[in-house]
Amino acid sequence: MAADQDQEQRRRLLDVASRFPLPAGCRFSYGTAGFRADGATMAPAICRAGILAALRSVKLAGATVGIVITASHNPIGDNGAKIADPDGGMMDQHWEPFADALANAPDPDALLQLVLQFAKDEGIPLGSHYTAQVLLGRDTRPTGEYLLDAALQGINAIVGAHAIDMGILTTPQLHWMVRSKNKGVKASESAYFKQLINSFRHMLELVPKDKSGDELANKLIVDGANGIGGVKLEQIKAELSGLDIIVRNSGKEGEGILNHMCGADFVQKERVTPHGFSPEDVGVRCASLDGDADRLVYFRVSSASDNKVDLVDGDKILSLFALFIREQLDIINNDGSKVNKLLPAKLGIVQTAYANGASTQFLKDLGLEVVFTPTGVKYLHKKALEYDIGVYFEANGHGTVVFSENFISQLESLSKELSSQADNGSAQYHAVMRLMAASQLINQAVGDALSGLLFVEAILQYRGWSFQNWCELYSDLPSRQLKVKVIDRSSIVTTDAETKVSQPSSLQELIDKETVNYSHGRCFVRPSGTEDVVRVYAEASTQVEADSLAKSVAQHVERLLG
C-alpha cells in the first residue's frame, strides 16, 4: 500500500470507530444468524459488519458480497446483520472468529491494529486496484434505516469500497442478488420476481392434464408475519395465475406487529393459528412465512372449536421436494435399461438430528441417501453442495434445493437432444423441463419462503394432491424438547452430527439405557450455541413416552452438569 493510501486507510478506520463506540456491557457474536441483539445497541456491530463485508470483497478480488439488516423471526425491537458471500451463501466460517473480534474491539486503535493484522495474515491487499462492492438490503424494522447508515459508514471506511443500497428486501432476495451479480446476470428485484413468476408458470404448464386437486386446490391463505415477505407477496400475487392467494398479516399499517403471535416460527413451535385467522378458515390450505421470509411452514385450521392446527413443517416440505425430484429422475431414466441412464445423478438429502425420525425413515424407504450434519444452515448447505442435487431443510422451515453446475449442464444438453429427436412430447422431455424449471424457481443461494411456497404449490398441482394427501405422507413421531440450565455448556462435547455425547463419557451410556425402554425411542442432547443451557430432544411412539424420555434424560444432565 502506498504511503498516502496507507495513511488514508488508517484515518478512515480510526474515524469510523470513533463515531461508533461500543455500548457499555455489550458483547456481540457472529453465528448462523449473523450479529443479532437489541436494535438500539446494534449500530457499532453493524458498522463493523460493513468493514468486514468490504474486506471480504477485497480478499475475493472485488467479488460482490452482501449485507442484509434483519433479525429474522426475532421480536420487532431486535435487529442484526448477515453477510452473504459471492455464491449467495453465508460468509465463510473461517472468518467468523475475526467477525467476533472486530465487533468487540474495545477502542479505535484496537480496531485498526486488528484490521491491519488480519489483512496481513489473510493477504488482503488494502488500497489495491480492486474495488470492493457490497450490496445492502434491510427488512421493515423501525431501526433498519438507522442501521443501514451505520453499515454504509463501515463499508466506506475501506479505501476503494463501494456500497449499493438495494432497498427493503427479504433476506433471500438479497442473497439471490449477490449470487446473480457474481454470475453476471441482472441482479434487480424485478429480475428476481420475473424469474419466480416465469418458472412457476412454466411448471404449471407442465402439469399433466388429468391432474385435478380438491375444490380448495387453488386457494391459499398466507400469514406474512407482518414482515417483508407479506409485502412482496402482495406485489406479485396477481401475476401468479392458477393460484388464488390471500395475504394476512401482510405488514400493512395497523394490521399487527412483526412476528408477534404470527409467523412461521410461532406456528411451528406453538402449533396454533396465527393472529388474523379464524374458524372460518377450517379446511383451507395455509402457509406461514417468518419476518424476513427465509422460513416457510404450512398448516390447516383443524376445527372451528379451537385454535389448533395440522402442521406441515420443514421435514414434510423436504419430503415433498425429494419425492418430486426423485420421480422426475426416474421418468428420465426409465428407458428399460439399468445400464444406460440418460441422466445419472447423485441425489442427497441432508437433515439435522432435530428432523423427525418418521421423515428420515420415509426418505430412506424411498431408497434415498440421507445424511446428517450439526444444527445450523451453514452446515446443511455446505453438505448439500456435495451432490448433483442436494435437498436440505430444518424442521423450522428453512431450507432449499441446490443443483450442481454440471447437472444443470447435463439437463440443458438432454433437453436439446430430446427436442431434436422430435421427442418434445415425451414423458422424458417433460420431466427434464420440470427439473429445469425447478432449478430456476427454487432459490439456490439460501432458504426462501417465497420461492419455496411456489415450488410447493407447483408440486401439489402436478400431483393433484390436497393438503390431506400431503399430510398423509407419513405420521410424525411425538417429540419433546427441554432446556436444562447448566454452569458451563462447553462441558458437553458431541459427535456424529450432535447425535452422540463424547464428554462426559458416562452421559451417553445413561441416554442409551433410557432410550432402549421406549418403542421408537430416540434422544440426544447438545449444548446451546447462545446460552448456558443444554437442549434435550426426545422421540417415542406416544407423546407420554416422549415426555417421559425427555424428562429422564434431562434429570441425568442436571445431576451431572447442573
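How many Å separate the centres of domain 1 and domain 4, taken over C-alpha atoms? The answer is 37 Å.

You have a predicted model open: local features need pLDDT of at least 70, side-chain atom pairs count only at pLDDT 80 or more, and totals for chains, interfaces and linings use all residues. Residues are numbered from 1 along each chain as its sequence is written, and side-chain values use heavy atoms, with hydrogens and water left out.

Start by colouring the domains: 3-186 is domain 1, 204-311 domain 2, 315-471 domain 3 and 479-561 domain 4. These bounds come from an automatic or database domain assignment.

Next, select strands 11 to 14 (strands are DSSP runs of E, at least two residues, numbered from the N terminus). They make an open, mixed sheet in the order 12-11-13-14, where pairing takes at least two DSSP bridges between two strands. Strand 12 (369-372) and strand 14 (399-403) are the edges, so each has a single partner strand. From one strand to the next, the twist averages 20 degrees.

Zoom in on strand 13 (389-393), which runs antiparallel to strand 14 over 5 bridges. Here Val391 sits opposite Val401.

Now add helix 10 (314-333), lying across strands 11, 13 and 14 at about 165 degrees to strand 13. Angles run from 0 to 180 degrees between N-to-C directions of axes fitted to C-alpha atoms.

Finally, show the cysteines. With a disulfide meaning two cysteine sulfurs within 2.5 Å, the count is 0. Cys471 can't bond because its closest cysteine sulfur, in Cys286, is 12 Å away.

Methods
Helices (H or I, at least four residues) and strands (E, at least two) are DSSP runs, numbered from the N terminus. Contact means heavy atoms within 4.5 Å.
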